[in-house]
Amino acid sequence: MKPALLSADKLDALRELVNMGMGAAGAALAQALGAFVELTVPDLGFTDRRSLAGLLDGGPWAKLDLEAVRQPFFGAFTGESMMIFDERVHAQLADLPAYALATGGKPTTAEQQETLLDLANVVIGACVGGIAEPLQENVSFAAPERLGARSEVRAYLSHEAVAWGLIVNVDFKLEGRSFLSRVLVFLPEHSLERIDQALTQLLDGLAAG
Amino acid sequence: MRVLIVDDSRLARMMLRKALPPDLLIDVVEASDGDEALRCVETNQIDLMLLDLTMPARDGYQVLKTLHESGRTPPTIVVSADAQSLAAERVMQLGALAFVKKSLKPAELTEILQRAGLL
């Protein structure tokens with residue numbers, strides 16, 4: 001196993017930046033969906049990218065079918081992001097008054113899929129933007145792309161070459177709804193070098209007052 | 001004035017320290033989770049608590065609820081990344097003095113403290 005690519009202090013700082021980004025994402029989702037978003041503390045860890053599929057094999061995710069949206073980003077640092085929903089998402093979103101109003105109560109399959117693309121776009125943008133903006137780095141996003149069901153997600157994740165990096169894992173929940181949603185952001189080693197430098201500047205600035 | 005800063009992130013605690021009025025004689029106590037925060041309130045005279053909401057194990061809501069039920073809530077400003085209006089409503093119902101979005105600016109904190117008569 002490779003040593004940690006960021007010090008404990010910098011990992012803590014990065015977690016806080018993600019947390020702030022997710023807070024903004026939660027507020028945007030709450031406004032769009034008219035529901036309270038329960039946020040969790042982001043989980044950060046170093047891993048081989050190919051092991052990411054394993055994150056969907058444990059706990060409540062193991063027994064549910066899922067849908068996923070991927071969205072790569074590039075610029076000052078590059079990486080991969082994905083938002084995953086369990087199969088109950090469409091039925092439970094349809095119950096929300098704000099969503100029902102927007103779709104006339106009976107969303108088509110295309111509208112359902114478009115909704116997931118939109119949600120992923122907002123949440124991933126806030127999460128990655130939460131890292132980039134305080135570090136004064138510019139990052140651009142590719143268009144979100146539907147990956148499909150579990151087998152396609154596994155195939156996509158397993159297909160990639162060995163790549164060590166940092167995985168950011170955040171779970172989202174809407175109050176009163178049981179469907180699961182999870183954001184995964186993978187930052188490869190070369191991106192972490194840039195982030196490490198930017199975090200040094202941020203922390204030095206704070207320490208210097 | 002003794003200020004308790006509660007946040008699981010060291011970066012966030014550093015930023016909150018920076019936001020405190022520099023001309024005020026302040027004794028800062030830090031807690032990195034909700035349980036530690038409750039112990040601090042039990043064993044110290046806390047004049048102001050700056051409280052995060054999203055923390056592992058006992059979160060900020062649970063800290064506020066516990067203190068509210070025991071009638072021991074110190075003057076509390078919730079400083080959270082969670083910017084949902086419902087989050088603000090809920091913490092105010094649980095006895096918080098104010099709800100502000102991270103990152104808290106020094107001028108913003110000074111204004112809240114002045115408004116609350118704490119400065």
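**Sheet, backbone and contact in a predicted two-chain model**

Student: In this predicted model, over how many bridges do strand β1 and β3 of chain B pair, and in which sense?
Tutor: Strand β1 of chain B covers residues 2-6. Its pairing with β3(B) is in the parallel sense, and the number of bridges is four.

Student: Which residue in β3(B) is the bridge partner of V6(B)?
Tutor: V6(B) falls in β1(B), which spans residues 2-6. Its bridge partner in β3(B) is L51(B).

Student: What is the strand order of the open sheet in chain B, and which strands are at its edges?
Tutor: The sheet has five strands with parallel pairing, in the order β2-β1-β3-β4-β5. An edge strand pairs on one side only. That applies to β2 (27-31) and β5 of chain B.

Student: By what angle are neighbouring strands of this sheet turned against each other on average?
Tutor: The value ignores direction. On average, the turn between neighbours is 20°.

Student: Which helix lies across β1, β3 and β4 of chain B, and at what angle does it run to β4(B)?
Tutor: The strand used for the angle, β4(B), covers residues 76-80. The helix across these three strands is α3(B), and its angle to β4(B) is about 165°.

Student: Where is A57(B), and is it buried or exposed?
Tutor: A57(B) is found in the loop between β3 (48-51) and α3 (60-70) of chain B. Its phi is positive, about 60°, although A57(B) is not a glycine. A residue with 12 or fewer other C-beta atoms within 10 Å is exposed. Because A57(B) has 10 such neighbours inside 10 Å, it counts as exposed.

Student: Which residue of chain A, other than glycine, has a phi near 55°?
Tutor: The residue is in the loop between α4 (109-132) and β6 (139-141) of chain A. It is exposed, with 10 other C-beta atoms within 10 Å. The residue with this positive phi is Q136(A).

Student: Which two residues of chain B does a cis peptide bond join?
Tutor: Omega at this bond is about 0°. One of the two residues lies in the loop between β5 (98-101) and α5 (106-115) of chain B. The pair is K102(B) and S103(B).

Student: Which element gives the largest share of the side of chain A that touches chain B?
Tutor: The contact takes 19 residues from chain A and 18 residues from chain B. On the chain A side, the elements giving two or more residues are α1 (8-33) and β1 (37-39). The largest share, 13 residues, comes from α1(A).

Student: How many residues on that side of chain A are nonpolar?
Tutor: Four residues are polar and four are charged. The nonpolar residues number eleven.

Key
Residues are numbered from 1 along each chain as its sequence is written. Chains are lettered from A and ligands numbered from 1 in the order in which they are written. This is a predicted model: local features need pLDDT of at least 70, side-chain atom pairs count only at pLDDT 80 or more; totals for chains, interfaces and linings use all residues. Two residues are in contact if their C-beta atoms, placed from the backbone, lie within 7 Å. Ala, Val, Leu, Ile, Met, Phe, Trp, Tyr, Cys and Pro count as nonpolar, Asp, Glu, Lys and Arg as charged, and the others, Gly among them, as polar. A residue is buried if 20 or more other C-beta atoms lie within 10 Å of its own, exposed if 12 or fewer, and partly exposed in between; C-beta atoms are placed from the backbone. Two strands pair if DSSP finds at least two bridges between them. Axes are lines fitted to C-alpha atoms, for helices over the stretch in contact, and angles run from 0 to 180 degrees between N-to-C directions.
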